[in-house]
Amino acid sequence: PVEMDVLRALERDADVEAAYALLRRLGASRASLDEGKVVYGSFLLDHDRAREAWELTRPASLGANPTEGELRVWYVAARAAARLGERAGARRIYQAIQEADPGFPGLDLLDAALRS
């Protein structure tokens, strides 16, 4: 996933797509897969592909005691939902993140996006 983030920063779009496909095909730890979803979901949002980002990151449930990786995936999901105009769903995810980690980076930006 770190390599994917570098490829994303370098705007090597085809390589980002290939790296995520490879990560999924080869499998990895839960933490690595979560980070892959964060990077690839953010890549999709960068390219106005919010529906795909939502499909990739939407949580099946907002359980108690999420891992840091889960919170990061939820954050991308909330951003995608907000872009799709699904403010209630985005707000629900925002609140779950805030409850689990009130100091989570980017919550202020997400809150501002949901208020606009």
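The exercises below, each with a worked solution, concern a predicted model of a protein chain.

**Exercise 1. Fold and size**

State how many helices and strands the protein chain has, and decide whether the chain is as compact as a globular protein of its length or less so.

Solution. Start with the secondary structure. The protein chain has seven helices and zero strands. Read from the N terminus, the order of elements is α-α-α-α-α-α-α. Next, compare the radius of gyration with the globule rule. The radius of gyration of the protein chain is 14 Å, and the rule gives 13 Å for 116 residues; the two are close, so the chain is as compact as a globular protein of that length. For the extent in each direction, the C-alpha trace spans about 35 × 30 × 20 Å along its principal axes.

**Exercise 2. Surface and contacts of the whole chain**

Describe the burial, the accessible surface, the contacts and the charges of the protein chain.

Solution. First, burial: 37% of the 116 residues count as buried. Second, the surface: the accessible surface comes to about 6,600 Å², and carbon and sulfur atoms hold 50% of it. Third, contacts: among those between residues at least 6 apart in sequence, 56% join residues at least 24 apart. Last, charges: there are 16 positive and 19 negative side chains, and the centres of these two sets lie 5 Å apart.

**Exercise 3. A serine in a helix**

Find the helix that holds Ser-42, decide whether Ser-42 is buried or exposed, and list the residues it touches beyond four places in sequence.

Solution. Ser-42 is part of helix α3. Its relative accessibility is 8%, and buried means under 20%, so Ser-42 counts as buried. Leaving out residues up to four places away in sequence, Ser-42 touches Arg-8, Lys-37, Val-76 and Arg-79.

**Exercise 4. Aromatic pairs**

Classify the ring pair of Tyr-40 and Phe-43 and the ring pair of Tyr-75 and Phe-104.

Solution. The count comes to three aromatic pairs. In one of them, the rings of Tyr-40 and Phe-43 have centres 5.6 Å apart and planes at 20 degrees; planes under 30 degrees apart count as stacked, so this pair is stacked. Tyr-40 and Phe-43 are three residues apart in helix α3, which means they are separated by about one helical turn. Both Tyr-40 and Phe-43 are buried.

For Tyr-75 and Phe-104, the centres are 5.7 Å apart and the planes are at 45 degrees, and the pair is tilted. Tyr-75 sits in helix α5 and Phe-104 in the loop between α6 (87-100) and α7 (107-115), so this pair ties together parts 29 residues apart in sequence. Tyr-75 is buried at 15% relative accessible area, and Phe-104 is buried at 6%.

To finish, look for rings joined into a group: ring pairs link Tyr-20, Tyr-40 and Phe-43 into a cluster.

**Exercise 5. Positive phi angles**

Locate Asp-48 and Asn-65, and give the phi angle of Asp-48 and that of Asn-65.

Solution. Asp-48 lies in the loop between α3 (30-46) and α4 (50-57). Its phi is about 55 degrees, a positive value although Asp-48 is not a glycine. With 69% relative accessibility, Asp-48 counts as exposed, because exposed means over 50%.

Asn-65 lies in the loop between α4 and α5 (68-83). Its phi is near 55 degrees, which is positive in a residue other than glycine. The relative accessible area of Asn-65 is 74%, so Asn-65 is exposed.

Key. Residues numbered from 1 in each chain as written. Predicted model: local features only at pLDDT ≥ 70, side-chain atom pairs only at ≥ 80, totals over all residues. Heavy atoms only, no water. Helix = DSSP H or I, 4+ residues; strand = E, 2+ residues; numbered from the N terminus. Buried < 20%, exposed > 50% of the residue type's maximum accessible area, 1.4 Å probe, protein only. Rg over C-alpha atoms; globule rule 2.2 N^0.38 Å. Contact = heavy atoms within 4.5 Å. Areas by Shrake-Rupley, 256 points an atom, 1.4 Å probe, with all protein chains shown as cover. Lys, Arg positive; Asp, Glu negative; His and termini not counted. Charge placed at Lys NZ, Arg CZ, Asp CG, Glu CD. Phe/Tyr/Trp six-rings, centres within 6.5 Å; stacked < 30°, edge-to-face > 60°.
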